[in-house]
Amino acid sequence: MQSMYAFKGTESDDLSKDEKFLLHSLDSMYDLYLSILALLTELHKKSKDHNEKLQKKLVRSDSDKNPNTRFQDNQLLNLISNNKMLQEHIAKQKLNFWDLDFEYVDILFKEILKSDLYETYSNDSESSFKKDKGFILDLYTEIIAPNEKLYDYFEDKKLTWVDDLPVVNTALLKVLRKLKLTSPESFLLPDLYKDEEDIEFAKDLFKKTLLNSSKFSEEISAKTTNWDSERLASLDGVLLKMALCEFQKFPSIPYKVTINEYLEVAKEYSTPKSSNFINGILDKIVKEYQSKNIHQKSGRGLM
């Protein structure tokens, strides 16, 4: 969708450059995933530095002499920080930039320390990997991911990261939820694509949508006489073209699956009225296909 929206050429152009941009954009999602794991590593280091500074103060309270080390000892954070394969990968991709942009680590760490979440965790006498993992998942969901300054930072770092953030956040939490003390080092480095078909589908959808853009536009226009042209020229138009491409060029994908997927994308990225608009147009088109017995779907359980 992002690559389609950014496309400024014509159907007759050589699409290799634009396909390269698409693949680069997909790869950058993995970089964002790794940079967030690098951030968690830096927050873990920060907790150790914080406790050491408390103990070195000239005038120390009892709590300074014996600081709470629950965050420092968190087993999930230790798994991330001590994962040699992960840390080497982060270094190779040059994504360990948090030591230079340390102010964001400081901002987040201060937010963590003053949170009720941290206080409850620190005062819990029971310690287990399950509790440590639960704390980090809650911490990420409630404090780190919603932080506006971190959001602005990612936007400045790489423009596409802001749009990728919801997807990457979901993927990261999914990986962390499944992480165990006995998980192999490679567990924190999942494949970007499920299989070769995944990447081929991305390239095919991109190219086939672009190559049939005029045809799809005409078909959509015929069903949208009561809608202004600005809406069709916006992201909604891109999503409708992609959906039509799946309808016509990918017979194994059920109509319902396509419609539901694009409604979810519209809710996330387009206007409040977009999902209703897209749903109405696609529903009308599917009914026409079925009445004319064209663009039929094939495969088990397809509708």
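In this predicted model, Lys 157 lies over the face of Phe 97, 4.3 Å from the ring centre. Phe 97 itself belongs to a cluster in which ring pairs link it with Trp 98, Tyr 104, Tyr 153, Phe 154 and Trp 161. A second lysine is placed in a comparable way: the charged end of Lys 208 sits over the ring of Phe 250, at 5.0 Å from its centre.

Ring pairs are found elsewhere too. A search of the whole structure gives 16 aromatic pairs. One of them joins Phe 71 and Phe 109, whose ring centres are 6.1 Å apart; their planes stand at 75°, so the pair is edge-to-face. The two partners come from distant parts of the chain, 38 residues apart: Phe 71 is in the loop between α3 (62-65) and α4 (75-81), while Phe 109 is in helix α6 (residues 102-113). Both Phe 71 and Phe 109 are buried.

Tyr 255 and Tyr 289 make another aromatic pair, this one tilted, with 6.4 Å from centre to centre and 45° between the planes. Here again distant parts of the chain are linked, since Tyr 255 is in helix α15 (residues 255-269) and Tyr 289 is in helix α16 (residues 274-292), 34 residues apart. Tyr 255 has a relative accessible area of 5% and is therefore buried. For Tyr 289 the relative accessible area is 1%, so this residue is buried as well.

Several of these aromatic residues reappear in the nonpolar interior. The largest nonpolar core has 48 residues, and those with the most contacts inside it are Leu 43, Phe 71, Trp 98, Ile 144, Phe 154 and Leu 176. Two or more residues of this core come from each of α2 (16-56), α4, α5 (84-92), α6, α7 (116-122), α8 (129-144), α9 (148-157) and α10 (159-178). The greatest contribution is that of α2, with 11 residues. Leu 43 shows what such a position looks like: leaving aside neighbours within four places in sequence, Leu 43 is in contact with Phe 71, Val 105, Leu 108, Phe 109, Ile 112 and Ile 144. Both members of the edge-to-face phenylalanine pair are thus among the contacts of Leu 43. Apart from this core there is a second, separate one of 31 residues, which includes Leu 22, Phe 206, Cys 245 and Leu 282.

A charged residue can be placed beside this picture. Glu 42 lies in helix α2. Its relative accessibility is 18%, so Glu 42 counts as buried. Not counting residues up to four places away in sequence, Glu 42 touches Trp 98 and Val 105. Trp 98 is one of the residues with the most contacts inside the largest core and is a member of the ring cluster.

Which setting does another glutamate, Glu 185, have: buried, partly exposed or exposed? With a relative accessible area of 36%, Glu 185 is partly exposed. Glu 185 lies in the loop between α10 and α11. Beyond residues up to four places away in sequence, Glu 185 touches Asn 82, Asn 83, Lys 84 and Met 85. Glu 185 and Leu 86 are 99 residues apart in sequence, yet 7.3 Å apart in space from C-alpha to C-alpha.

The remaining topic is empty space. Rolling a probe the size of a water molecule over the atoms shows where such space is left. The structure holds one cavity of 30 Å³ or more. About 40 Å³ of space lies in the largest cavity, which is lined by Tyr 140, Ile 144, Ala 145, Asn 147, Leu 150, Tyr 151, Phe 154, Leu 165 and Asn 169. Elements giving two or more residues to this lining are α8, α9 and α10, and the largest share, three residues, comes from α9. Two of the lining residues, Ile 144 and Phe 154, also appear among those with the most contacts in the largest core.

The largest pocket contains about 1,800 Å³ of space. Its lining consists of 44 residues, of which Leu 26, Met 29, Val 167, Asp 198 and Ala 202 lie nearest its centre. Two or more lining residues are supplied by each of α1 (2-6), α2, α10, α11 (196-211), α14 (235-249) and α15. Helix α10 gives the largest share of this lining, 10 residues.

Notes. Residues numbered from 1 in each chain as written. Predicted model: local features only at pLDDT ≥ 70, side-chain atom pairs only at ≥ 80, totals over all residues. Heavy atoms only, no water. Phe/Tyr/Trp six-rings, centres within 6.5 Å; stacked < 30°, edge-to-face > 60°. Helix = DSSP H or I, 4+ residues; strand = E, 2+ residues; numbered from the N terminus. Buried < 20%, exposed > 50% of the residue type's maximum accessible area, 1.4 Å probe, protein only. Lys NZ or Arg CZ within 6 Å of the ring centre and 35° of its normal. Core = buried A, V, L, I, M, F, W, Y, C linked by side-chain atoms within 4.5 Å. Contact = heavy atoms within 4.5 Å. 1 Å grid on protein atoms, 1.4 Å probe; cavity = no way out; pocket = protein on both sides within 12 Å on 5 of 7 lines; lining within 4 Å. Points joined across faces, edges and corners; volume = space filled by probe spheres on them.
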